[in-house]
Amino acid sequence: MKTTKQLMAGLAFALVSAAMLSPAQAADTDPNATSQNGDPQRWYQEEMTPMAYFKTLKKEAEAVYQLSVVECRRMARNQQSTCLSEAKSTMQQDMADAYRKSGIRQR
């Protein structure tokens, strides 16, 4: 049986592992490979608007929630409801943080 701390440690490890792989994969691609002579560099820059930042934070929160639900389902029946409610609470807190960090008004 995994405790919530063990579950969160596993999720943190998965996220760190994914983050470590991302730069290695990005290094293989040349950002200017698709550009043509005379194209402005701004056409190839990532969008960093508040909404784009919010969408990134939301996607991360949803991914963590999905992983948490999968891990909760593997627990004993008597622990699943507590684990799922903790996962939902964490998701709600992460979404509140996403709204706050990005400056987007909550609906």
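**Group meeting: how H2 and H3 pack**

Okay, let's start with Ala 98. If you skip residues up to four places away in sequence, Ala 98 touches Phe 54 and Leu 57. Ala 98 itself is found in helix H3. Is Ala 98 buried or exposed? With a relative accessible area of 2%, Ala 98 is buried. There's also Lys 58 to look at: Ala 98 and Lys 58 sit 40 residues apart in sequence, yet C-alpha to C-alpha they are 6.5 Å apart in space.

Before I go on, a word on confidence. This is a predicted model, and the protein averages a pLDDT of 80, with 66% of the residues scoring at least 70. Residues 24-28 are a stretch where the pLDDT is below 50, and beyond near neighbours in sequence those residues make zero contacts in the model. I'll leave that stretch alone today.

Right, back to the helices, and to the core. Which residues make up the largest nonpolar core? There are seven in all: Phe 54, Leu 57, Ala 61, Met 91, Met 95, Ala 98 and Tyr 99. H2 and H3 each supply at least two residues of this core, and H3 gives the most, with four. As background, nonpolar side chains in soluble globular proteins tend to be buried together.

Take Ala 61 from that list. Leaving out residues up to four places away in sequence, Ala 61 touches Met 91, Asp 94 and Met 95. Two of those names, Met 91 and Met 95, you just heard in the core.

Now the rings. How many aromatic pairs does the count come to? The count comes to one. That pair is Phe 54 with Tyr 99, and the geometry is tilted: the centres are 4.6 Å apart and the planes are at 40°. Phe 54 lies in helix H2, residues 50-73, and Tyr 99 in helix H3, residues 77-102, so the pair ties together parts that are 45 residues apart in sequence. As for accessibility, Phe 54 is at 7% relative accessibility, so Phe 54 counts as buried. Tyr 99 is at 16%, and with buried meaning under 20%, Tyr 99 counts as buried too.

Moving along H3, we get to Ser 102, which is found in that helix. Ser 102 is buried, with a relative accessible area of 9%. What does the side chain of Ser 102 reach? It reaches the backbone oxygen of Tyr 99, at 3.4 Å. Ser 102 also touches Pro 50, Tyr 53 and Phe 54, again not counting residues up to four places away in sequence. So Phe 54 keeps coming up: Ala 98 touches Phe 54, Ser 102 touches Phe 54, and Phe 54 pairs with Tyr 99.

Last stop, the covalent link. A search of the whole structure finds one disulfide. Cys 72 and Cys 83 form that disulfide, with their sulfur atoms 1.9 Å apart. Where do the two cysteines sit? Cys 72 is in helix H2 and Cys 83 in helix H3, eleven residues apart, and the pair links distant parts of the chain. For those who like torsions, the link of Cys 72 and Cys 83 has -70° about the S-S bond and is left-handed. Both cysteines are buried.

So, to wrap up the picture of H2 and H3: both helices feed the core, Phe 54 in H2 and Tyr 99 in H3 are paired through their rings, and the disulfide has Cys 72 in H2 and Cys 83 in H3. That's what I have.

Technical notes. Residues numbered from 1 in each chain as written. Heavy atoms only, no water. Phe/Tyr/Trp six-rings, centres within 6.5 Å; stacked < 30°, edge-to-face > 60°. Buried < 20%, exposed > 50% of the residue type's maximum accessible area, 1.4 Å probe, protein only. Contact = heavy atoms within 4.5 Å. pLDDT = per-residue confidence, 0-100. Polar contact = N/O pair within 3.5 Å; in protein donor to acceptor, adjacent residues only side chain to side chain. Disulfide = S-S within 2.5 Å. Core = buried A, V, L, I, M, F, W, Y, C linked by side-chain atoms within 4.5 Å.
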